[in-house]
Structure formats: structure tokens, C-alpha cells
Amino acid sequence: RRQKKKELAHDDCRYVIFYKKEAQKNENKDSQNATPSEEKDTPLGYVMWRFLMDDNGAGEFLPVLYLWEIHIEEEYRSKGLGKHLMLISELAAWKLKMKK
């Protein structure tokens with residue numbers, strides 16, 4: 001567990017996090033002093049990467065985007081979020097000129 005926390009907090013880690021916006025109900029019952037409801041962000045999933053240099057076997061080191069972890073909350077699985085996070089990962093690797 002300690003090792004996992006260390007990995008997640010590493011300086012080289014980059015995250016893309018999916019959020020769901022939910023309106024919070026205002027508890028103020030006095031309509032004259034009511035404030036507009038606020039939105040609350042609820043994380044639904046994330047992907048974590050690291051940018052590394054990888055040996056291609058011929059002594060040459062290539063920049064790579066290493067997908068370290070992907071997680072989707074159970075109730076949101078099989079809805080395309082993981083596929084979307086993978087697509088974002090591929091686009092980031094391409095845009096940043098990673099070789100893998």
C-alpha cells in the first residue's frame with residue numbers, strides 16, 4: 001500500500017481525470033436569502049502516465065508514454081470512459097512525439 005501511494009505521488013506522473021458535475025442542493029430554506037446551487041465535481045475515473053526513455057534493444061533510447069494505470073468507478077464501467085481515456089492517451093503520445 002505504501003509503494004502504491006509512492007507511485008501515485010511520483011513527480012513524473014501525469015493524470016487525466018474524468019469528473020461528473022452534480023448540482024448541490026441549497027439547504028437554506030429562506031427563499032429571500034437563497035444562493036444559487038453550487039456544482040460538485042465527482043471523479044469517475046482516471047488514467048496515469050509517465051514519460052520515460054525506453055531502450056529499443058539496439059542501444060538507442062526512445063521517448064515513450066508509459067500508461068501506468070487506468071481506473072473507472074465500477075458503476076461507470078462499460079460505458080466507453082476507458083476507451084476515451086485510452087484515446088486521450090494515444091493522442092497525447094502522438095502530440096508529444098513519443099515513439100511508443
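How many salt bridges does the count come to in this predicted model? The count comes to one salt bridge, and the views below begin with that pair before turning to a strand pairing and to a buried glutamate.

**View 1. The salt bridge between D41 and K21.** The closest N and O atoms of D41 and K21 are 3.1 Å apart. D41 belongs to strand β2 (residues 39-55) and K21 to strand β1 (residues 13-23), so the salt bridge ties together parts that lie 20 residues apart in sequence. D41 is partly exposed, its relative accessible area being 41%, whereas K21, with a relative accessibility of 54%, counts as exposed.

**View 2. The antiparallel pairing of β2 and β3.** Eleven bridges join β2 and β3 in the antiparallel sense, and in one of the pairings D55 has F61 in β3 as its bridge partner. The hairpin formed by β2 and β3 has five residues between the strands, and in this hairpin G57 takes a positive phi near 95°.

**View 3. The surroundings of E69 in strand β3.** E69 is placed in β3, the strand that spans residues 61-72, and E69 counts as buried because its relative accessibility of 15% falls under the 20% cut-off. The side chains of E69 and Y46 are joined by a polar contact of 2.5 Å. When the neighbours within four places in sequence are left aside, E69 is in contact with K4, L8, Y46, V47 and M48.

Note on methods
Residues numbered from 1 in each chain as written. Predicted model: local features only at pLDDT ≥ 70, side-chain atom pairs only at ≥ 80, totals over all residues. Heavy atoms only, no water. Helix = DSSP H or I, 4+ residues; strand = E, 2+ residues; numbered from the N terminus. Buried < 20%, exposed > 50% of the residue type's maximum accessible area, 1.4 Å probe, protein only. Polar contact = N/O pair within 3.5 Å; in protein donor to acceptor, adjacent residues only side chain to side chain. Contact = heavy atoms within 4.5 Å. Salt bridge = Lys/Arg side-chain N within 4 Å of Asp/Glu carboxyl O. Pairing = 2+ DSSP bridges.
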